[in-house]
Each structure stands twice: as C-alpha cells, then as structure tokens.
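Open the model in your viewer and keep the sequence panel beside it. This tour goes stop by stop, with something to select at each one.

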Amino acid sequence: MDDLKAKYLAQIADAGDEAALETIRVSAVGKKGEVALKMRELGKMTPEERQVAGPALNALKDEINSALAAKKAALADAALDARLRTEWLDVTLPTRPTRTGTLHPISQASEELTAIFAELGFSVAEGPRIDTDWYNFDALNIPGHHPARAEMDTFYMHRAEGDDRPPHVLRTHTSPVQIRSMEKMGAPLRIICPGGVYRADYDQTHTPMFHQVEGLALDKNISMANLKWVLEEFVKSFFEIDDVELRFRASHFPFTEPSAEVDIRCSWKDGTLKIGEGDDWLEILGSGMVHPKVIAAGGIDPDVYQGFAFGIGIDRLAMLKYGIPDLRAFFDSDLRWLRHYGFQCLDVPTLHGGLSR
Ligand code: PHE
C-alpha cells in the first residue's frame, strides 16, 4: 500500500495538465483502478486482517483523491496566472484621443450652406476647375476683348506651340457651371455649385485659390424679388441671427442684367472680425437676373425662361461666421489653427439639428 501511495502521489505531482490527471485517477481510484482491485481482495481476508486493511485502503483512496483535487486546483491557478500575464493592461496609461482630425471651417461652411439651399429646393451641381475659356468667359457674355477678362486676373494654362485645342483656364468663378447645368438639365432649374476658383490676387481678404457657391434658378416667372428673398433667407439661416444687416448695391456683371452686389455690416476692431456691428462692409456676393444671351448659350429659350443667379464667397462667409480676420490663415495648414477652428467631423449640419455649435 505504501508503494501504491508513493507511485500515485509522484505521478500526480508530475502531471502537466488535466487530461494527465484524469488518466491517473482512472488507473488509481477508478472503478477498475488499482485501489478498487485491492478492495476486492478484502473478501478473501480474515476478519482481523480486514479490520486493518479496510480502513487503510479507504484512507489511501481519500489521500489520492485529495491529491488529485489539490493538483487540479494548482493547474487551474497556473493557467489563470499565465493568462493574466498575457492580458495585462496598464490602466494608468492616458486614454487614446477620440478626435484625430477635424473638418476645415470651409468644409463646414460648405456643408452648412448646402443644407440651407437644399431646404430651399436647390440641388448640388459640379463642374471642372480647369475649364475652357468658352465656358468661363464667352458663354457668360464676356467676349475676348472684354475688360472683365483682365479684371479677373485669370490664370491661363500653358499651351505648347502649335496646340490648337481651345485655351483652358483655372476657372475664375463658379459661373461656368451655370452653362454646364443648363446644357445637362434644361429648364426649369434650381442648382447650387460650391467649389474652388482661382485668381491672381493676394491680401487679407483675397487668396489665389478661394471658394464660391454659385446659385441658378430658372423658370417661367422668376423676378428680382425672388432673388432678394432667397438671399436674405439664406443669410439669416447661415448666420443663425435674424438681424444681419445687408446692403444691396447696384453693380455690373456681363452675365446678369440688372446686377447687384451684397455686403454685410461688420467691424474689424483690434484684429477681430465681428458681424452685425461697426461701420465696415464686407462684400460677400454678386448676383442678378441671368442675361438672355447666357440663357441662350446654355441652350434654353430666353423668351420662355428667365431666372436669377448668384455667386457667394464661401471663405468670406466662414470668416464672418467664425470671426477669422485673415483669409490667408485658411490655407496656411497650421495645425494649431486647424485644431482651434476645426469642427467635429460627425456633427453633420442640418436645419433641424442645428447648423453649428
Ligand atoms: N461670378 C461672379 C464673380 O465671381 C459672381 C456672380 C455670379 C455674379 C452670378 C452674378 C451672378 O464675381
């Protein structure tokens, strides 16, 4: 019995996993194990012998069973320790930043104005940033000799000697998309086109690349009153205040007749730009009733359809709304500036949920 005990306790001590323990259990204290076989021999013994051997076998069985249970618990503890070592986590580390990027104020302003014009029934149209001078000028009633071509400080694309394709320009405004939209969709029509435009110009309120949103509405009975209402409604929604002061100024564009420019009252005190106060005016848009020649260039009969158009400076809207005094900062890619003026990218602006916070 001492041999049995020594043998099984040694095997148990050496067992590497639960399966090995189970094999030992079956051969030691299982129904047909060695201890059970010994118990069967009790019947052949004399009563005196049995009185000694019986309790001794039971004690052996108990001892092996409790060694098995202890080893099983030790194996489970070791497995848990190993797992805890690999799954260890330092909870004192700083949390991961959830915000790794932000929306540029111009993207934000574009989303906001698109939401407003969508509500007014305008859909979004697009056109190329590199366009022919026909779309950028001629179709908009600006013939080759017209001074407006020089006034716009146009960037012309380089052409190799002998290249007789039509001249291309970096579009100086989004107005060529008026023509492209008329060609594509006919009338009646209600579109806006937000996008980048280019002019050789650089100071606090001008950069060589900037953004406009073109608007065009064509139908059978559209008047200047509709234009004025849409612009006023837009400005009120965009700035989220009812008393923005607007100044409609008679102006001239070759592609509209009559034409008006619109300025917003603002102040530039101590290097900060504020809307709705002060004695300064910032021009934010040009507009007017679409010239019949332009409607005809878009393939639509100007005797049947009229309409209004406007071109708003998106960057200037963003300057005014977010109080950013220098347009050039928009394009400096200064990370500190971008983090300060950037917007959370999942805050999609809607009229019911709020445009900006
Ligand atoms: N295209 C003009 C500009 O860039 C703005 C404008 C658009 C004016 C539409 C009238 C109508 O200055």
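**Stop 1: the shell around the ligand**

This is a predicted model. Select the residues around the ligand and colour them by class: 4 are nonpolar, 8 are polar and 2 are charged. The shell has 14 residues in total. Which of them come nearest? His 173, Ser 175, Arg 199, Gln 212 and Gly 311 do.

Now show side chains for three of these. Start with His 173. An N or O atom in the His 173 side chain is 2.9 Å from a nitrogen atom of the ligand. Go on to Arg 199. There, a polar side-chain atom lies 2.7 Å from an oxygen atom of the ligand. Then pick Gln 212. A polar atom of the Gln 212 side chain is 2.9 Å from a ligand oxygen atom.

Turn on a surface. How much of the ligand's accessible area does the protein cover? On its own the ligand has 320 Å² of accessible area, and the protein covers 92% of that. The site is a pocket, and the ligand sits in the largest one.

Switch to cartoon. Three elements give two or more residues to the shell around the ligand: strand S5 (209-219), strand S9 (280-290) and strand S10 (306-313). Which gives the most? S10 does, with 3 residues.

**Stop 2: Lys 321 and its partners**

Select helix H11, residues 314-322, and find Lys 321 within it. Is Lys 321 buried or exposed? Its relative accessible area is 17%, which is under the 20% cut-off, so Lys 321 counts as buried.

Show the side chains of Glu 112 and Glu 240. Lys 321 makes a side-chain polar contact with Glu 112 at 2.6 Å. Its side chain also makes a polar contact with the side chain of Glu 240, at 3.0 Å.

Stay on Glu 240. This residue is in the loop between helix H9 (224-239) and strand S6 (246-253). Glu 240 is partly exposed because its relative accessibility is 41%, between the 20% and 50% cut-offs. Check the backbone too: Glu 240 is not a glycine, yet has a positive phi of about 55 degrees.

**Stop 3: helix H8 and what follows**

Select helix H8, residues 176-185. Which of its residues are buried? Among them are Pro 176, Val 177, Gln 178, Ile 179, Ser 181 and Met 182.

Step just past the end of H8 to Gly 186. Here phi is positive, at about 65 degrees. Move on to the peptide bond from Ala 187 to Pro 188. That bond is cis, with omega near -5 degrees. Pro 188 belongs to the loop between H8 and strand S4 (189-198).

**Stop 4: another cis bond, another positive phi**

Jump to Glu 257 and Pro 258. They are joined by a cis peptide bond, with omega about -5 degrees. Where does Pro 258 lie? It is in strand S7, residues 256-267.

Next, select Asn 141. Its place is the loop between helix H6 (133-136) and helix H7 (147-151). Asn 141 is not a glycine, but its phi is positive, at about 65 degrees.

**Stop 5: pairs to span with the distance tool**

Begin with Leu 327. Look for it in the loop between H11 and helix H12 (335-341). Leu 327 is buried, because its relative accessible area of 2% is under 20%. Draw a line from its C-alpha atom to that of Gly 30. The two residues are 297 apart along the chain, and their C-alpha atoms are separated by 87 Å.

Then take Ala 69, in helix H4 (residues 47-86). Ala 69 has a relative accessible area of 46% and so counts as partly exposed. Connect its C-alpha atom to that of Ile 12. The separation is 9.9 Å, for residues 57 apart along the chain.

Finish at Ile 130, in strand S2 (residues 130-132). Its relative accessible area is 42%, so Ile 130 is partly exposed. Select Val 169 as the partner. From C-alpha to C-alpha, Ile 130 and Val 169 are 5.7 Å apart in space, with their positions 39 residues apart in sequence.

Technical notes:
Residues numbered from 1 in each chain as written. Predicted model: local features only at pLDDT ≥ 70, side-chain atom pairs only at ≥ 80, totals over all residues. Heavy atoms only, no water. Near = heavy atom within 4 Å. Polar contact = N/O pair within 3.5 Å; in protein donor to acceptor, adjacent residues only side chain to side chain. Areas by Shrake-Rupley, 256 points an atom, 1.4 Å probe, with all protein chains shown as cover. 1 Å grid on protein atoms, 1.4 Å probe; cavity = no way out; pocket = protein on both sides within 12 Å on 5 of 7 lines; lining within 4 Å. Sits in = over half its atoms within 2 Å of the grid points. Helix = DSSP H or I, 4+ residues; strand = E, 2+ residues; numbered from the N terminus. Nonpolar A, V, L, I, M, F, W, Y, C, P; charged D, E, K, R; others polar. Buried < 20%, exposed > 50% of the residue type's maximum accessible area, 1.4 Å probe, protein only.
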